[in-house]
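Look at the sequence and the model below. The text after them starts from a single pair of residues and works outward.

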There are 4 protein chains.
Amino acid sequence: MFFASDNGGPAHPRVMQALLDANAGYASGYGADPIMEQVRADIRTLFEAPSAEVFLVATGTAANALALGTLCMPWQTVFCAPMSHINEDECNAPEFFTGGAKLTLVDTEQARMTPDALRHAIDAEETRGVHGPQRGPVSITQVTEKGTVHTCAQIAALSAVANDYGLKVHLDGARFANALVALDCTPAEMTWKAGVDVVCFGGTKNGLLGVEAVVFFDPADAATFALRRKRGAHLFSKHRYLSAQMQAYLADDLWLDMARAANAAGQRLLRGLRQMPDVQVLFDPAANLLFFDAPRATHARALAGGAQYYVMGGDPHTGPDGEMLTGRLVCDWSCPDESVDGLLDLLRG
Amino acid sequence: MFFASDNGGPAHPRVMQALLDANAGYASGYGADPIMEQVRADIRTLFEAPSAEVFLVATGTAANALALGTLCMPWQTVFCAPMSHINEDECNAPEFFTGGAKLTLVDTEQARMTPDALRHAIDAEETRGVHGPQRGPVSITQVTEKGTVHTCAQIAALSAVANDYGLKVHLDGARFANALVALDCTPAEMTWKAGVDVVCFGGTKNGLLGVEAVVFFDPADAATFALRRKRGAHLFSKHRYLSAQMQAYLADDLWLDMARAANAAGQRLLRGLRQMPDVQVLFDPAANLLFFDAPRATHARALAGGAQYYVMGGDPHTGPDGEMLTGRLVCDWSCPDESVDGLLDLLRG
Amino acid sequence: MFFASDNGGPAHPRVMQALLDANAGYASGYGADPIMEQVRADIRTLFEAPSAEVFLVATGTAANALALGTLCMPWQTVFCAPMSHINEDECNAPEFFTGGAKLTLVDTEQARMTPDALRHAIDAEETRGVHGPQRGPVSITQVTEKGTVHTCAQIAALSAVANDYGLKVHLDGARFANALVALDCTPAEMTWKAGVDVVCFGGTKNGLLGVEAVVFFDPADAATFALRRKRGAHLFSKHRYLSAQMQAYLADDLWLDMARAANAAGQRLLRGLRQMPDVQVLFDPAANLLFFDAPRATHARALAGGAQYYVMGGDPHTGPDGEMLTGRLVCDWSCPDESVDGLLDLLRG
Amino acid sequence: MFFASDNGGPAHPRVMQALLDANAGYASGYGADPIMEQVRADIRTLFEAPSAEVFLVATGTAANALALGTLCMPWQTVFCAPMSHINEDECNAPEFFTGGAKLTLVDTEQARMTPDALRHAIDAEETRGVHGPQRGPVSITQVTEKGTVHTCAQIAALSAVANDYGLKVHLDGARFANALVALDCTPAEMTWKAGVDVVCFGGTKNGLLGVEAVVFFDPADAATFALRRKRGAHLFSKHRYLSAQMQAYLADDLWLDMARAANAAGQRLLRGLRQMPDVQVLFDPAANLLFFDAPRATHARALAGGAQYYVMGGDPHTGPDGEMLTGRLVCDWSCPDESVDGLLDLLRG
């Protein structure tokens, strides 16, 4: 009953097999391996973007920070949601890789920036000539950090605001696959057709050991990425082991199958939670990540019963039984129905 | 009728004379001049802080950014007010000089962070181990950017919160003198006795050509400042011209006299504005800086009559006459009563 | 006949098996996995350093740049050899991760800094107070980038110079294992007993997919490393896949066996080359990396015959046959005798 | 008898008068003052460069570091002389303002990089794809740090090499005026006609209190300078005091007169030194800065007699009398013949 993170479960066996397959003989390093050639082609096809520039890195923070570093000058500010991973969970990596840019936090509904709030935030910057931060890219997370999903139209609406000011759009797609299957749309529809300039196409949270693709739809935007990646120490000499993971991920829609499994587990959880009278589901979970309020005693019972997940807002073991605390549940591709049902049983008491 | 800024007026004649006096013969550079020796002693005496470390720089942004760079690691975040100069008016200089630290914006009342909001903001950081930004120093502006003044007790209350978490306190004192005379307290009371660790003791806005002192009350905090100043290209070879300004500033309480004059002009303005039925004074101006709402036509009339000040919220010349726009007025030491009364006359119509 | 790099060959099957073994069930991320606990203990035992701090990253550049960032302030300079990887092959990553420190290049013999040259270089810095770069750590590469090996005494002699000035010592051990078996000494003798403060203990070039351990012998030196690693986007969520590689590496001395195999291939090559009249071996190759001068026609013949290695100093296919060009040969653990003999046959003609 | 630096003497009285004149009434800040308008026009005329972009800063290090930051990406390297101020005397400010670029040291003759050495150094970089530092701008100092002067043809020859690789050329003109009068050429001839892209046109060492102009001949090169200057905290609010200094500097060729006076003193010194049998003049001093070797006892006598200058290579007061130590002498505009002759008398004994 592991719901602490979608980075806690195993990699998919086909991914492991791909590693074994790639481990034969000699290969050129640093992305010049033949598997990477195939990956580039596959991703361009997948995104219907024949001229896209594609790079692999091994962590989601590297993908985001390098992508933002490429789009954002040090004197600019990135517009993003307060709960965005780049703001809360990357220990100032975006600031580091941009050379000291700022993040301007934009008001949200359901963890999604609203176009009006975004416009307001952009309007409020760059009103003082050289004195204030200059306007930089807009960063959207899909699936959001609170488990909600932007529709393609919602992404397009945010991009349209960015576009009004000539600003680029970055999509943190650490859970790209989970959003895609939730929306049942194409990668192109969820990205460049909706105005996205660069997407971090995550694999680590969805069954890989650790690979993210950074995809720039306009090659001009990618001009400095390769140098930034090397300078950031994120270029792998034995790159084939990244390439092989991504190749297996895309082959036969494994990535979609894994995301569907994770989302199905998440939605099964959601249905169960919604039937519990003393539980309050927060936000509007559309994929594999959800938050809920429950009495302390309920959390304590679940944790004591072997469930693993984060409880926020207080110590689940100390304090009044009835105080409401927030639990965070994440399902990965490998989450079995028995775990979901087991957790629901524990929460029901 | 110049009210656009307290950096638009002349330097005081005694400051100019000090420059002339300092311009005789040869002097060691880089802060080793004899006048600087005197300035160090004077500032230590003034602040009742015999072991304080004292440095001069030429701009307020340099003072703030270097002081914060010295106190704040790149993976930390500075707690400050949203309208703080370091957030809005320094083009990411704090981010640059800290090597990529973040600024966490704290809710305010009357442009002053409240202790509760500060505690809440600090509590919300560093809850995720190495993943999130780490807690860094608290930065307070005195006079605030909206013209209000913290009492010494208010500063002490914020410092007490910082102290609960082991965080240092920075005071942006670009208008230190104006606050001091408004409070009628001592420099020590407004700084280290209230828990401040480093103060940027401003002179540029109060009659100097361009000098700010950075004063660290604990020499250990200043350990890297001299190297950071040089690396930031803020160490002057002909340092005596900075020293001489500061010496004249402090001599015979010139700095206090100038601040008193500026505040008197500001308060004279305030009294006049408060008597106008269609004008709304914003915040609670306690020094030489004030904001007020007035109908567009009122602003247009004043500007047309020769008044110089900033109008925010819309074009003062285009739009409905009755729409309320915000004016910002700043008085410097040289502001004559005739200017104040002239502006009031124009606003009255 | 692949001699282009020791990062071109396969990972060892036992390393692959360890990945498969680690891929079962759920595990905590970010280094809190139980395998990492074991790795930490194993490395402390291996280095006879019970209080050492141990971190894993995935690239050699990350290991070096983060280690140097931890030891070196932005206003300091790192003393290193001109041909050092940190100077020539990391696209300014050390400058990036230190926040803008400098590298001071020290004269070498056989690609090893000499103590006299190091002392001279250190003496030449920090003679101008705050104006010049300040003295920072000394960085030694073992095996050197030219294939030579420092004796433990040579490392100790360099450390002694560093120590005279209170400077820390960093060892870039990308080929640590190859040096160790060449010297037949212990890890402790080659590091902290010889004055090394932090070692980048490489695995990527010696049979892993991509893992390097950064080992600080004094925990105080490591105080900021974990935050720097996260901020640099080098902390892996699914850290167990790094841990598992390192665990297999150390188990049953696999790492030493692989290094012995690589060195044996290198020395077999060396013996063969030394018997060729028109070939000149450069430096004094002691491990698995060697450089040699040969006529263009010799290189052209070898490359045409299927050998893969880098030729420097000119195009091996265009120009006078007899012109001497430099070849660089690297053997990894998997290099078969047949490849070595095949290359030698080709070079002999 | 002050020869320690050309930043130790007084500012010229006409510069002081200009400050007094500028100190009347109110003025817009941040470079929008009317005097700056005039300065921009004057400098464009002076350099025969009607579209040049002109900025003022207060320190030479700021001028150099901001100019290089504007021309050089963080993953590039600046080609410069080992003894260049940017390498030895700016505490890593160029590294800081470029975001972590490197400096590649080029061999010199008479402290001037030779075109061959420059070409060799450029050739040696960027031979490893993304792995090594990328080629960045070439930086030339005029007058060199050793007192020699490049002819315009020598500057042009270096620029030609840079141009072959598409690299920009920066001229550190901290002693621009002294070189110009030594060469008796025009500012255009010594800069853009010789291939220079940006010049730091120094005033601080030549009779100002502290002002340097950064002049970009191609406005496109200057695109980010204004933001970098503000972010670096080098934009002055009371900018008129910088403008006024520069205006006075240029008026009636004051700058040239001061440089002529300084050079005349330097050359008078040189003639005297060359007649002393036990003194060896180093390099080929062409302006106001010179180095000479003399026995320790000679230095000790001069210093005891009241001369002020730096002695390098040993303590002038302790050691064998006959050991040769190096003295460094700098003359500023105000250096009287009596001082020169007094020093010569002391040295003669």
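In this predicted model, D:Gly173 stands opposite D:Phe201, a residue of strand E8 of chain D. The two strands involved are E7, residues 169–173, and E8, residues 198–202; they run parallel and are joined by 4 bridges.

These strands belong to an open sheet of 7 strands in chain D, with the order E1-E9-E8-E7-E6-E2-E3 and mixed pairing. Which strands stand at the edges? They are E1 (53–57) and E3 (102–105) of chain D; each has a single partner strand, so one side of each is left without a neighbour in the sheet. On average, neighbouring strands of this sheet are turned by 25° against each other, direction ignored.

A helix lies across part of this sheet. Helix H3 of chain D, residues 60–71, crosses E1, E2, E6, E7, E8 and E9 of chain D. Its direction is at about 20° to that of E9.

Next, the chains can be compared. A turn of 180° and a shift of 0.0 Å along the axis lay chain C on chain D with an RMSD of 0.0 Å. This is the relation of a two-fold axis. Within chain C, C:Gly100 has the C-alpha nearest the axis, at 2.1 Å from it. Both copies use the same surface, since 100% of the contact residues of chain C recur in chain D.

Last comes the interior. The largest nonpolar core has 139 residues, and of these A:Met246 and C:Met246 touch the most other members. Apart from that core lies another, of 138 residues, including B:Met246 and D:Phe236. Beyond its neighbours within four places in sequence, C:Met246 is in contact with several residues of chain C, among them C:Val39, C:Leu56, C:Phe201 and C:Glu212.

Note on methods: Residues numbered from 1 in each chain as written. Chains lettered and ligands numbered in written order. Predicted model: local features only at pLDDT ≥ 70, side-chain atom pairs only at ≥ 80, totals over all residues. Heavy atoms only, no water. Core = buried A, V, L, I, M, F, W, Y, C linked by side-chain atoms within 4.5 Å. Buried < 20%, exposed > 50% of the residue type's maximum accessible area, 1.4 Å probe, protein only. Contact = heavy atoms within 4.5 Å. Least-squares fit on C-alpha atoms with pLDDT ≥ 70 in both. Pairing = 2+ DSSP bridges. Axes fitted to C-alpha atoms, helices over the stretch in contact; angles between N-to-C directions.
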